[in-house]
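Open the model in your viewer and keep the selection tool at hand. The stops below go from the whole chain to single elements.

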Amino acid sequence: MPFTKLGLSDPLLRAIAEAGYTTPSPIQLQAIPAVLNGHDLLAAAQTGTGKTAGFALPILQRLSHKHYSSNRPIRVLILTPTRELAAQVGESVSKYGEHLHPRLKTEVVFGGVKINPQMMRLRGGVDVLVATPGRLLDLVNQNAIKLDQVETLVLDEADRMLDMGFIRDIRKIIALLPKKRQNLLFSATFSEDIRQLTTGLLVNPIKIEVAARNTAAETVEQVAYLCNKANKADLLCHLIKVNEWRQVLVFTSTKHGANRLTDKLNKLDIKAAAIHGNKSQGARTSALAGFKAGEIRVLVATDVAARGIDINLLPHVVNYELPRAPADYVHRIGRTGRAGEEGQAVSLVSHDEVSALRLIEKLMNKPIKREQIEGFEQAAVAPPMPPEPPRGPRPVRNQPRKTAAAPKTEHKPRRRSSV
Ligand code: AMP
């Protein structure tokens, strides 16, 4: 079924065409009519399925029926677990609503950056607010926003928000909303916690389930290049150059490893940038923007930093190191081959990672092709690694940690502190 049959207005169809979408993804086929009809939604769908357009398009259409000339109240609230996801959802909503008249105003707020500029931007009112929970409550507490006119609440990646310890914040936020509203909940998994959250939140929801990432991953071509640990950086450069890869997302297991690899690539004239937890929000945003714009060829990321990254049709993902948890492999390669497009996931596998590779194959129930590249073959026995260069002194903090006042920002993820 084409987009034109889903009941969307012409300005939205125009934006869809400009985004290059020709056919709706399965979740869009189900979610768009349901949301247009005002139903609550319980959707089992992960990032990569096209879920953002699945909720944003019908929400925009419903909003555009009624306009507030001044003092726009927040009518749609979209909660996301991470700043990156918030930024991307905000970008998508603005893009899809580009041709609506009069235009709707969308703003994005998240922690880890100064609150004042966000307060200024919210002053004239906004129609759609995309927010991470902690910062949203900060803004409420500072009287910068009111949530009493919200018509639609979206909980995006609800399972991850709970994983990150946001449940109390979410409950506080829900208590501030009008009782009568539309609720849309998206989650990749349905744990007991999610079930508890949905009870009492959703009213007769339409339930939607689309293929889990494990299945989507089957459209991705996967290959493992067996190599020696010490040759990985050179092998990666070789692959990028020989295959003329233009846009590659590379996963490393540590922040330090990400920095070292980025330096090495840049020295070899392959424009690269790293994103990880030690980078400021500004540095992360500009690295991501540069990558999307094609100015940065290789984005080197750790798992945590990469969560929520949405790059349209990312063609290549490289596991420079295999993740410790096999499920993370599936998440990583889900960054490529999105919405039915083909993608390629390459893993550089050294001697010590062969057992991790087997566990991944077991999880996916599918063998991964093993290959070797001439000149970079894996030795029969693992050669000893050269000693690591010294890391240099640790940066000195402005204030001793113990006495520093805790900044009022987002909660620290509970179980993702290592990267
Ligand atoms: P999401 O799951 O919302 O993060 O979307 C995943 C990616 O698929 C995004 O980069 C979208 O731009 C893209 N996308 C969404 N819907 C479609 C569609 N119908 N056809 C092609 N690409 C799409």
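Begin with the whole protein chain shown as a surface: it exposes about 20600 Å², and carbon and sulfur atoms supply 51% of that area. Keep in mind that this is a predicted model. Of the 419 residues in the chain, 52% are buried.

Switch to a cartoon view. The protein chain holds 16 helices and 14 strands. Among contacts in the chain between residues at least 6 apart in sequence, 77% join residues at least 24 apart.

Next, find the open sheet of seven strands. Its order is E3-E4-E2-E5-E6-E1-E7, and the pairing is parallel. Select 106-109 for strand E3 and 206-209 for strand E7: these are the edge strands, each pairing on one side only. Across this sheet, neighbouring strands are turned by 10 degrees against each other on average, direction ignored.

Now select residues 41-44, strand E1, together with residues 182-187, strand E6. Four bridges join E1 and E6 in the parallel sense. Show Ala43 as sticks and look across to E6, where Phe186 stands opposite.

Which strands does helix H4 lie across? Select residues 83-96 to display H4, then add strand E2 (76-79), strand E3 and strand E4 (128-131): H4 lies across these strands and runs at about 175 degrees to E3. Then select residues 133-141, helix H6. Helix H6 also packs on the sheet, touching E2, E3 and E4. The direction of H6 makes about 120 degrees with that of E4.

Note on methods: Residues are numbered from 1 along each chain as its sequence is written. This is a predicted model: local features need pLDDT of at least 70, side-chain atom pairs count only at pLDDT 80 or more; totals for chains, interfaces and linings use all residues. Side-chain values use heavy atoms; hydrogens and water are left out. Two strands pair if DSSP finds at least two bridges between them. Helices (H or I, at least four residues) and strands (E, at least two) are DSSP runs, numbered from the N terminus. Axes are lines fitted to C-alpha atoms, for helices over the stretch in contact, and angles run from 0 to 180 degrees between N-to-C directions. Contact means heavy atoms within 4.5 Å. Buried means under 20% relative accessible area, exposed over 50%, partly exposed in between (1.4 Å probe, protein chains only). Accessible areas come from the Shrake-Rupley method with a 1.4 Å probe; for residues, only the protein chains shown count as cover.
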